[in-house]
Structure formats: structure tokens, C-alpha cells
Amino acid sequence: MLRTREQVRVLGPGDRDAFIALAEQDPVVNVFADYRARLTNLDERWLGGQVWGRFEGDRLVAGCHLGANLVPVQCTRDDVGAFADVALRRRNTVGTIVGPAAVVAALWEQIEPRWATPREIRPDQPHLEMGRVPTIAADPGVRVTTPQDLDRLYPACVAMYTEEVGVSPENDAGGGDLYRARIQQLIGRGWSMASFDDQGVVFKAEIACVTPYAAQVQGVWVRPDRRGEGLSTSGMAAVVSHVVSSGVAPVVSLYVNEWNTAARAAYARVGFEQTATFATLMF
């Protein structure tokens, strides 16, 4: 039950600055929501969903991004009850619930009886950050990709997604076209990096979102026949060096599955440190 003078409502363009200020209370952890607010101005036409806020008086104290991704923003375990009903109303649009592990667990406890069964639950994902140029050698072959790389890059992106998520992005009607357009968009923004040999992509990674505070990396992948050569370490060193040195963002962040010991070891060698723990539910 909401306390006196509390309000929960959809946020719009007039709330943009207040929502960004909320996200900036933990700007690296909240990089996705911060980026979406800056990109869309909290206009539902561009969000493809809604952002909700909980207010105490006139002060925004917690938020929730509800689109393809449900992402709590600066929520405590007590805050999630304010968003449970609106989350349930939009459950058919949500593909993943992701955020700080304790908050995701508290929200899921409230909505689970009326939600679909998750295809997979990843309850313990270390959230890693790094805010300096790595001291280890970067792979000189890793570079920002160009539109001419798309035909070689796209199959590697499909392979990575399928391996990571468990289903191909091409499975749904129109999925291949939409996913290809997403890769083209990342290339166009200069957010795709890769190295190549005669057989195609060797290493790749993408920047998923950027704010003045951080860039979040996703889609890190090494071709199976080249694994075990340390390419993820030198490749990520190249990505971090590019992001930090070129001024894309001062901090690089990502989150990784707890069981992926090889990736975690590679990120540690680059210089990443754990700052939080995330959880993801996939539907």
C-alpha cells in the first residue's frame, strides 16, 4: 500500500530530467535506463513501452522501464510492490527482467504467480566495471567495423546470440531482418568491434548503450575454433582501450554469467572489477 502523498504513474518527456537524475544516483549500474531516457526523451512512441515512476511528494524516488526489457531503476526491495501491477499489465511485451539481483528477486516473488514461467533464470551475474586503459596488450587486429563487414559479421552475431540466449534471433517471424537491422545500426554508430581472418570473425563485441558516465558492452564472442588462445582477453583490452581513449565513455561495464569462469577470468585479466550482482529472467 502506498503511503501518504505517494504516487505511481507513467513518466513522460516532462519527467526526463528527474528520471535521468534518478539513474545518475548509480550511473554505471543504471546505464541502460539512462541511455534509453536520453535517446527517447521518455516519449512512448520511441520507447516502445513505458517508464513508470514512484514519487514521494514531488520527488521521484524509484523507476521501472517496461518494454522488451523490464529494468528496475534505483528500486529497493520495498519499492517493487509499487510496480508489480503495472508490470503484470505489460507482461506480454516483456522478454527479459534484468537488474540488481536482490531487487529482481523481490519483484519476481510478487509477480511470479501471474506471470509466464521463465525460459531461463540467471540469478547471479557479476556486474563488472573498468575505468582506465588496460595495461595488458590489446589485439591490434580488433577494430571498429564498417558497413562492408556486415555480411561476415552477421553470422557471428547470430551464433553468439544463439549460444548465449539458447534460441536463434532468426526464429521469430521477421526476426532475421530485425536482428540484421540492429547489427547495421550498431555498425553505423561505431559501436561494433571485431577482428577477422580468412574464415570470418575471430573476436567480436558490441557497445549496447552509452551515456556520459559509461558504455555497456555486450555480445563478446570468440569463434569456437579459436578459443583457448587468449583472444577474449586481448580483444576486450582493445575494446576498453578504444572506448576510454577515444572518449566514447569514461567507464566500460558489462555483466557476465556466474558459471562462465573462462570469461570471468579473461575480464579479470583485462582489469575489470565486480561492483554489483545482476539477475536476469528470460521468457
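A strand here is a DSSP run of E with at least two residues, numbered from the N terminus. With that settled, I opened my notebook on this predicted model.

**Entry 1: the hairpin.** I began with strands E8 and E9. A hairpin joins E8 to E9 through 2 residues. E8 covers residues 192-197 and E9 covers residues 200-210, and I found 6 bridges between them in the antiparallel sense. I picked one pair to look at: alanine 194 has lysine 204 in E9 as its bridge partner.

**Entry 2: the other neighbour of E8.** Next I turned to E7, residues 143-144, which pairs with E8 over 2 bridges, again antiparallel. Here valine 144 stands opposite methionine 193 in E8.

**Entry 3: a serine in E8.** I stayed in E8 and stopped at serine 195, which belongs to this strand. Is serine 195 buried or exposed? Its relative accessible area is 5%, and buried means under 20%, so serine 195 counts as buried. I then looked up what it touches, leaving out residues up to four places away in sequence: the contacts are Asp139, Gly141, Val142, Gly200, Val201, Val202 and Phe203.

**Entry 4: the whole sheet.** I stepped back to see where these strands belong. They are part of an open sheet of 12 strands, with mixed pairing, in the order E1-E2-E3-E4-E5-E12-E6-E11-E10-E9-E8-E7. Which strands are the edges? They are E1 (6-10) and E7, each of which pairs on one side only. At the E1 edge, I noted 5 antiparallel bridges to E2, residues 50-56. Glutamine 7 is matched there with phenylalanine 55 in E2.

**Entry 5: around E11.** I went on to E11, residues 252-255, which runs antiparallel to E6 and is joined to it by 4 bridges. Leucine 128 has leucine 254 in E11 as its bridge partner. With E10, E11 pairs in the parallel sense over 2 bridges, and glutamine 216 partners serine 253 in E11. I also saw that E10, helix H8 (residues 231-245) and E11 make a right-handed β-α-β unit.

**Entry 6: helices over the sheet.** Last, I checked two helices. Helix H6, residues 150-165, lies across E6, E7, E8, E9, E10 and E12, and runs at about 70° to E9. That brought me back to both strands of the hairpin I started from. Helix H5, residues 101-111, lies across E4, E5, E6 and E12, at about 135° to E5.

Conventions: Residues are numbered from 1 along each chain as its sequence is written. This is a predicted model: local features need pLDDT of at least 70, side-chain atom pairs count only at pLDDT 80 or more; totals for chains, interfaces and linings use all residues. Side-chain values use heavy atoms; hydrogens and water are left out. Two strands pair if DSSP finds at least two bridges between them. Buried means under 20% relative accessible area, exposed over 50%, partly exposed in between (1.4 Å probe, protein chains only). Contact means heavy atoms within 4.5 Å. Axes are lines fitted to C-alpha atoms, for helices over the stretch in contact, and angles run from 0 to 180 degrees between N-to-C directions. A crossover is right-handed if, with the strands pointing away from the viewer, the path from the first strand over the helix to the second runs clockwise.
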